Amino acid sequence: MISKMSLICLLSFSSLSFASDITVKMTLSPAGSFEAKTTKVHGDVIKSGEKYTAESLWVKVDDLKTGIDLRDEHFHKHFNSEKNPKITLNNVVATAGKGSGTLTVNNVSNKVDFTYKVISDKKLEALLKVKPSAFKLPEVKYLEIGVDDEVEIVTVVDVK
Amino acid sequence: MNKTLYIYFLIIIPLFSGKAYAYPHFIGHGYNSCITCHYNPFGNGPINDYGRSVSGTAIAGRDFYDENKPEELIANETAFFLKDYISKSLKPFIGYRGMFYKSNLGQDGSKVEFINMQLDGNLVAKFGSKDQYIMSGTFGYAPIPRSLKNTPAGDAMKEYRSREHYLGIRPSPNWGVYFGLMDKPFGIRVAEHTSYSRISTQLTMDDQAHGALLHYSGTSLELGLNAFIGNLASKSDVQTKGFAGTFEQTVFEKNRIGASILSQKNTYLKSTALAIHTRSQITYGTSVLFELGQVNKTPVNGTTPRKENYALLQNHIKTKRGLYFLNSMEYFKNSLDNSYKVRFGPGLQYYPFSKLELRADVYNTRNFSRDSNSADRWDLLMQLHAWF
């Protein structure tokens, strides 16, 4: 009986991720977290030898969903999506597990570094951490709960 | 989530599990700590403005709203009696729980009851430049537990009393210290006060104690330490003194593992409890909780000590906004006679709109003993929970 329960628990005790192409992970203050996800990542990553490049990868801010409609509204408004509807990563160059590019959010561009790992011949998973304040995004506070000024972005992209 | 796992959690687990429902499940919505939505860092009691908004716009459904009703308006309506957060410093709260209970389904001794379980009024006052000071007081109707009726302990209890009042200071968002009457931090604080994890550990609906609580909440670590001297409103011989501690660590992003210890003593009994637990988000809105514990109880009068073991597995499956399957499976073993119990059964939890929770559970309980056989017991519980 106990072993059955343990087995069920162990089966559930893993972080299960799904086919989301980009996930923006945010930490709440004082506690908690949420994610904004979309499967609509535009642009191509091209492999040439051991080098990966992309001219431009982008998502629409309004395509990012957090699981709560009201939070989506706040999220999109916070990114000023009516005026700046896209988040883009341009001039991407990556090799040996590390890469860089120019990230544009809220019409502010900054060079960013990221790490990546090869999932398969056709897929890469990249991880980058950014500070929203570096993109002139205001501090977030809703009913006294805030969002930390460090955001993790995980993206799985197809390779051509 | 892949299809196999989805089927597993949607169909297979409900077949094997029983009761559940509880707010620790909201790790499934990304809320791994109670303090995001509750004033008390370990949950229970009134929810804060953010918790009210989440309850209305993420937890509760919108089946009864016009499809064009803005979410912002729904969020505003979650405030006390529809008032749009009228005061920054004073936060009133009223909560009610009532239960329709039909025991021993299909048996001659079947009984039907309606129990008013709770009617509380609460006021939270926050002050300081960063709201670092908090006072919370709850007072209301709390029925005498059935097990204590017509006993000296039950006769000494009042039906109108406070189950929680405290003063809290949070010098930083991470640290807080609280003084007053509070629940003891231990294990997973599930809502069901009849679960073995709460009965065996003596942490049910009337087991709060006066004391001091230290709380830490970091990015991935949360802990609480509590020293207590018993509920000073109760008779001195049943005032339970001791300490409790619990911690949780986030692992693999959406899972938390934890361990707890509790040592307490009154005039009649000394007990020590240890537990480990996990809480995991499976998909958004869906979670699984697991707790395994052992309680050693030593009567002060010198009679035979006993060891109790329990296990609790609960899941919370979001089917759509506002509607959840709730299931749990419980195990309890008593070393005195080596008897053990298994309880399971599916439940349904529905939040049709903000401030209302409806829940129905069917519990199957089996008692296993070397000395006697007993038939399966089936009970039906239907609960109404409203708050303002």
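What average pLDDT does chain B have, and what share of the residues score at least 70? You're looking at a predicted model, so colour chain B by pLDDT to begin the tour. The average is 88, and 94% of the residues reach a score of at least 70.

Now select residues 1-22 of chain B. Here the pLDDT is below 50, yet in the model this stretch has 57 contacts beyond near neighbours in sequence. Go easy on this part: where pLDDT is low, predicted coordinates should not be read in detail. For the complex, the predictor gives an ipTM of 0.78 and a pTM of 0.86.

**Step back to chain B**

Switch to a cartoon view of chain B. You should find five helices and 16 strands. The C-alpha trace spans about 60 × 50 × 40 Å along its principal axes. Chain B has a radius of gyration of 21 Å, which agrees with the value near 21 Å for a compact globule, because that is what 388 residues would give. Buried residues make up 44% of those 388. Look at the contacts with a separation of 6 or more, too: 54% of them in chain B link residues 24 or more positions apart.

**Into the core**

Next, select A:L64, A:L124, B:C37, B:F186, B:Y310, B:A311 and B:L312. These touch the most other members of the largest nonpolar core, which has 71 residues. Then highlight strand β11 of chain B, residues 286-299: the largest share of this core, five residues, comes from there. Apart from that core lies another one, of seven residues. To find this second core, pick B:Y166, B:Y178, B:M182 and B:A209, which are among its members. In soluble globular proteins, nonpolar side chains tend to be buried together.

Hop over to chain A and centre on A:L64. Which residues is A:L64 in contact with, leaving aside neighbours within four places in sequence? Show A:V24, A:A36, A:K37, A:T38, A:V59 and A:F75, and you have them.

**Out to a loop**

Last stop: B:K149, in the chain B loop between β3 (133-141) and α4 (152-155). Is B:K149 buried or exposed? B:K149 counts as exposed, because it has 12 other C-beta atoms within 10 Å and the cut-off for exposed is 12 or fewer. Leaving aside neighbours within four places in sequence, B:K149 is in contact with B:I144 and B:G154. Finally, draw a distance from B:K149 to B:E248, 99 residues apart along the chain: their C-alpha atoms are separated by 37 Å.

Definitions and conventions
Residues are numbered from 1 along each chain as its sequence is written. Chains are lettered from A and ligands numbered from 1 in the order in which they are written. This is a predicted model: local features need pLDDT of at least 70, side-chain atom pairs count only at pLDDT 80 or more; totals for chains, interfaces and linings use all residues. Helices (H or I, at least four residues) and strands (E, at least two) are DSSP runs, numbered from the N terminus. The radius of gyration is taken over C-alpha atoms; the globule rule is 2.2 Å times the number of residues to the power 0.38. A residue is buried if 20 or more other C-beta atoms lie within 10 Å of its own, exposed if 12 or fewer, and partly exposed in between; C-beta atoms are placed from the backbone. Two residues are in contact if their C-beta atoms, placed from the backbone, lie within 7 Å. pLDDT is the predictor's confidence in each residue, from 0 to 100. A nonpolar core is a set of buried Ala, Val, Leu, Ile, Met, Phe, Trp, Tyr and Cys residues joined through C-beta atoms within 7 Å.
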